[in-house]
Amino acid sequence: MPHPCPCGYLSDPIHQCSCTPLMIHRYRSRVSGPLLDRIDIHIEVPAVKYRDLADRGESESSAAIAARVSRSREVQKERFLGTRVRSNAQMTARMIRKFCEPDEAGSRMLEVVTDRLGLSARSYTRILKVARTIADLEGAETIREHHISEAIQYRSLDRKTWACKEFCVNGLG
């Protein structure tokens with residue numbers, strides 16, 4: 001979905017959105033939940049101010065990021081040796097149970113979020129796969145609460161769809 005709402009200004013810090021919650025809900029309903037469930041990551045990318053684009057401050061170099069991604073890919077290659085699976089995104093249900101067990105705090109967080117947002121089983125497994133990748137990028141053996149938290153943040157449309165439904169169902173839209 002190219003825009004967060006029909007007018008395109010929802011969450012824009014400069015322009016005001018002119019859409020009602022019901023309009024936003026209808027707009028987002030054009031893409032079915034089962035289709036969204038099949039997309040691992042969906043995030044909003046806000047407009048960037050010039051000073052942020054022009055900032056020459058220190059940040060992680062592209063070479064450092066590439067090295068981290070390469071190490072993560074090697075970990076996954078080793079993890080799935082002898083199978084047809086090449087990346088965390090391709091894991092089967094059995095592999096998810098084996099390789100994506102979060103720590104206790106991560107499990108609690110995932111339980112609360114799944115219940116509160118009414119996530120589908122497919123969304124739940126996508127979160128686990130993305131959390132496994134985040135942990136791999138960090139070089140962590142175990143999926144921890146902060147990995148789960150970050151993966152959940154990458155499911156913004158799940159959260160927004162739930163919030164919009166709650167708003168409309170309760171007669172506020």
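**Figure 1. A polar contact links the side chains of H146 and H147.** Welcome to the first close-up of this predicted model. The two histidine side chains, H146 and H147, are joined by a polar contact of 3.2 Å. H146 is part of helix α8. Is H146 buried, partly exposed or exposed? With a relative accessibility of 41%, H146 falls in the partly exposed class, because that class runs between 20% and 50%. The view also takes in G106, whose C-alpha atom is 7.4 Å from that of H146 although 40 residues separate the pair along the chain.

**Figure 2. Helix α6 packs against helix α8.** Here we stay with α8, the helix that holds H146, and bring in its partner α6. Helix α6 covers residues 104-117 and helix α8 covers residues 145-153. Their axes are 7 Å apart, and the packing angle is about 30°. The two helices are therefore roughly parallel, since angles under 35 degrees are classed that way. Which residues of α6 meet α8? On the α6 side they are A105, G106, M109, L110 and V113, and facing them on α8 are E145, I148, S149 and I152. By residue class, this contact consists of 6 nonpolar, 2 polar and 1 charged.

**Figure 3. Helices α4 and α7 cross at roughly 120°.** In this view, helix α4 (residues 62-79) meets helix α7 (residues 121-138), and their axes come within 8 Å. The arrangement of α4 relative to α7 is oblique, because an angle in this range lies outside the parallel, antiparallel and perpendicular classes. The crossing of these two helices is right-handed. Helix α4 contributes R68, V69, S72, V75, Q76 and R79 to the contact, while α7 supplies R132, T133, D136 and L137. Sorted by class, the residues of the α4 and α7 contact are 3 nonpolar, 3 polar and 4 charged.

**Figure 4. R132 of helix α7 is a buried arginine.** Let us zoom in on one of the α7 residues from the crossing with α4. How accessible is R132? Its relative accessibility is 3%, so R132 counts as buried, the cut-off being under 20%. The R132 side chain reaches the backbone oxygen of E141 at a distance of 3.0 Å. Beyond its neighbours within four places in sequence, R132 is in contact with R79, N88, M91, F99 and C100, and also with A140, E141 and I143. R79 in that group belongs to the α4 side of the crossing.

**Figure 5. T142 sits in the loop between α7 and α8.** This last close-up turns to the loop that follows α7 and precedes α8. T142 has a relative accessibility of 35%, which means that this residue is partly exposed. Which residues does T142 contact once its neighbours within four places in sequence are left aside? They are E101, D103, A135 and H147. H147 is also the partner of H146 in the polar contact shown in the opening view. In addition, the C-alpha atoms of T142 and C100 are 8.0 Å apart, with their positions 42 residues apart in sequence. C100 appears among the contacts of R132 too.

**Figure 6. The close-ups belong to a chain of 9 helices and 0 strands.** For orientation, here is the wider setting. The chain has 173 residues, and buried ones make up 30% of them. Among contacts with a separation of 6 or more, 59% link residues 24 or more positions apart.

Note on methods. Residues are numbered from 1 along each chain as its sequence is written. This is a predicted model: local features need pLDDT of at least 70, side-chain atom pairs count only at pLDDT 80 or more; totals for chains, interfaces and linings use all residues. Side-chain values use heavy atoms; hydrogens and water are left out. Axes are lines fitted to C-alpha atoms, for helices over the stretch in contact, and angles run from 0 to 180 degrees between N-to-C directions. Helices (H or I, at least four residues) and strands (E, at least two) are DSSP runs, numbered from the N terminus. Angles under 35 degrees count as roughly parallel, over 145 as roughly antiparallel, 65 to 115 as roughly perpendicular and the rest as oblique. Contact means heavy atoms within 4.5 Å. Ala, Val, Leu, Ile, Met, Phe, Trp, Tyr, Cys and Pro count as nonpolar, Asp, Glu, Lys and Arg as charged, and the others, Gly among them, as polar. A crossing is left-handed if the near helix is turned anticlockwise from the far one by less than a right angle, and right-handed if clockwise. Buried means under 20% relative accessible area, exposed over 50%, partly exposed in between (1.4 Å probe, protein chains only). A polar contact is a pair of N or O atoms within 3.5 Å; within protein, one must be able to donate a hydrogen and the other to accept it, and residues adjacent in sequence count only if both atoms are side-chain atoms.
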